[in-house]
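Hi everyone, thanks for coming. I'd like to walk you through one structure today, a few residues and a few helices at a time. Let me put it up on the screen.

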Amino acid sequence: MKANLFQRATAEGIGTALLLTAVVGSGIMGERLSHGDAFLTLLANSIATGAALAALIFSFQEISGAHFNPAVSLAAALRKQLAWREFPVYVAAQVIGALVGVASAHLMFGLSLFSISTKVRAGAAQCFSEFVATVGLLLIIAASARHSSRAVSFAVAAYITGAYWFTSSTSFANPAVTLARSLSDTFVGIRPADAPAFVATQLAAAIVVATLLKWILPISNEDQEPRESNE
């Protein structure tokens, strides 16, 4: 039996919370263990994030689609794979889950629930980096799903792990993640003043990819039908 909208939103919230717990927690742990060595911290952060992503997508994909990302949900809605009336519910669950994940990571390491980040991530190069990272992520999701739905988890995890290193922004590629990380004054943070540009770039990338995919990777009428709620 298919999950109803409330069940799917709950899965999205839990999955996003666990993802942010992994991202922020591994950043804190990596920085502490490496005594501030940025190379080792980023290495630990990227490996932990990729591993967590693989596990989370693999586990939650059959429940909610395992978006954990408003940009992914936007692309799905534009491609008629997610009903527009369900889109804001998914986004709300993802944002709330991301905030819970940050608070959880902070609590585990004895920090305050939230702290305003002072980490500067500004400029055209950083924004372009987010555009590249998000376009790549969305293309990987769409293309790998054509091989096997189970392939998505490993393809996304591999891409994000790599993108931590080949993008100047360390590949946020996720509006919910970006907003939540602005409330973490740790290695993975981003200043609140820099977050809106990242979010706008990520959402713009989702629109570009959804348009591009209509040409290079058209989907069948069956695939276009939004998942119906069983409420």
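Let's begin with Tyr164, which you can find in helix H6. Keep in mind as we go that this is a predicted model. Is Tyr164 buried or exposed? Its relative accessibility is 2%, so Tyr164 counts as buried; the cut-off for that word is under 20%.

Who are the neighbours? Setting aside residues up to four places away in sequence, Tyr164 touches Val23, Leu42, Asn45, Ser46, Thr49, Thr170, Ser171 and Arg181. With Thr49 there is also a polar contact, side chain to side chain, at 3.0 Å. And if you'd like a ruler across the model, the C-alpha atoms of Tyr164 and Phe131 are separated by 14 Å, with their positions 33 residues apart along the chain.

Two of those names come back with our next residue, Ser26, which lies in helix H1. Ser26 has a relative accessible area of 11%, so this serine is buried too. Its contacts, leaving aside neighbours within four places in sequence, are Thr21, Ala44, Asn45, Ala48 and Thr49. So what does the side chain of Ser26 do with its polar atom? A polar atom of that side chain lies 2.6 Å from the backbone oxygen of Ala22.

There's a similar story in helix H5, the place of Ser144. Here the side chain of Ser144 reaches the backbone oxygen of Ile140 at 2.6 Å. Ser144 counts as buried because its relative accessibility is 9%. Beyond its neighbours within four places in sequence, Ser144 is in contact with Ala151, Val152 and Ala155.

Now for the greasy part. The largest nonpolar core holds 33 residues, and Leu19 and Leu20 are the ones with the most contacts inside it. Which elements give two or more residues to this core? They are helix H1 (5-33), helix H2 (38-64), H4, helix H5 (124-145), helix H6 (151-166) and helix H7 (175-181). H6 provides the largest share, seven residues. Taking Leu20 by itself, and leaving aside neighbours within four places in sequence, we see contacts with Gly25, Ala98, Gly101, Val102, Val177, Ala180 and Arg181. Apart from this core lies another, of 17 residues, and Phe87, Ala142, Val209 and Leu217 are among them.

Let's move along to H7, where we find Thr178. Thr178 counts as buried, because its relative accessibility is 0%. Not counting residues up to four places away in sequence, Thr178 touches Phe172, Ile190, Ala195, Phe198, Val199 and Gln202. Phe154, 24 residues away along the chain, has its C-alpha atom 22 Å from that of Thr178.

Please also look at the loop between H6 and H7, where Ala173 is found. Ala173 has a phi near 55°, a positive value in a residue other than glycine. With a relative accessible area of 1%, this alanine is buried.

I've saved helix H3 for the end. How many of the nine residues of H3 are buried? Eight of them are, so H3 is largely enclosed by the rest of the structure. The buried ones are Pro70, Ala71, Val72, Ser73, Leu74, Ala75, Ala76 and Ala77, and they pack against H4, H5, H7 and helix H8 (195-216).

Let's take H4 from that set. The axes of H3 (residues 70-78) and H4 (residues 87-108) come within 9 Å and cross at roughly 170°. Since angles over 145 degrees count as roughly antiparallel, that makes H3 roughly antiparallel to H4. On the H3 side the contact is made by Pro70, Ser73 and Leu74, and on the H4 side by Phe87, Tyr90, Val91 and Gln94. Sorted by class, that contact has five nonpolar residues, two polar ones and no charged ones.

What about the two ends of H3? At the start, a side-chain oxygen of Asn69 comes to within 2.8 Å of the backbone nitrogen of Ala71. Just after H3 comes Lys80, with a positive phi of about 65°. Lys80 sits in the loop between H3 and H4, and its relative accessibility is 53%, so Lys80 counts as exposed.

That's my tour. Thanks for listening, and I'm happy to go back to any of these spots.

Technical notes:
Residues numbered from 1 in each chain as written. Predicted model: local features only at pLDDT ≥ 70, side-chain atom pairs only at ≥ 80, totals over all residues. Heavy atoms only, no water. Axes fitted to C-alpha atoms, helices over the stretch in contact; angles between N-to-C directions. Helix = DSSP H or I, 4+ residues; strand = E, 2+ residues; numbered from the N terminus. Parallel < 35°, antiparallel > 145°, perpendicular 65-115°, else oblique. Contact = heavy atoms within 4.5 Å. Nonpolar A, V, L, I, M, F, W, Y, C, P; charged D, E, K, R; others polar. Core = buried A, V, L, I, M, F, W, Y, C linked by side-chain atoms within 4.5 Å. Buried < 20%, exposed > 50% of the residue type's maximum accessible area, 1.4 Å probe, protein only. Polar contact = N/O pair within 3.5 Å; in protein donor to acceptor, adjacent residues only side chain to side chain.
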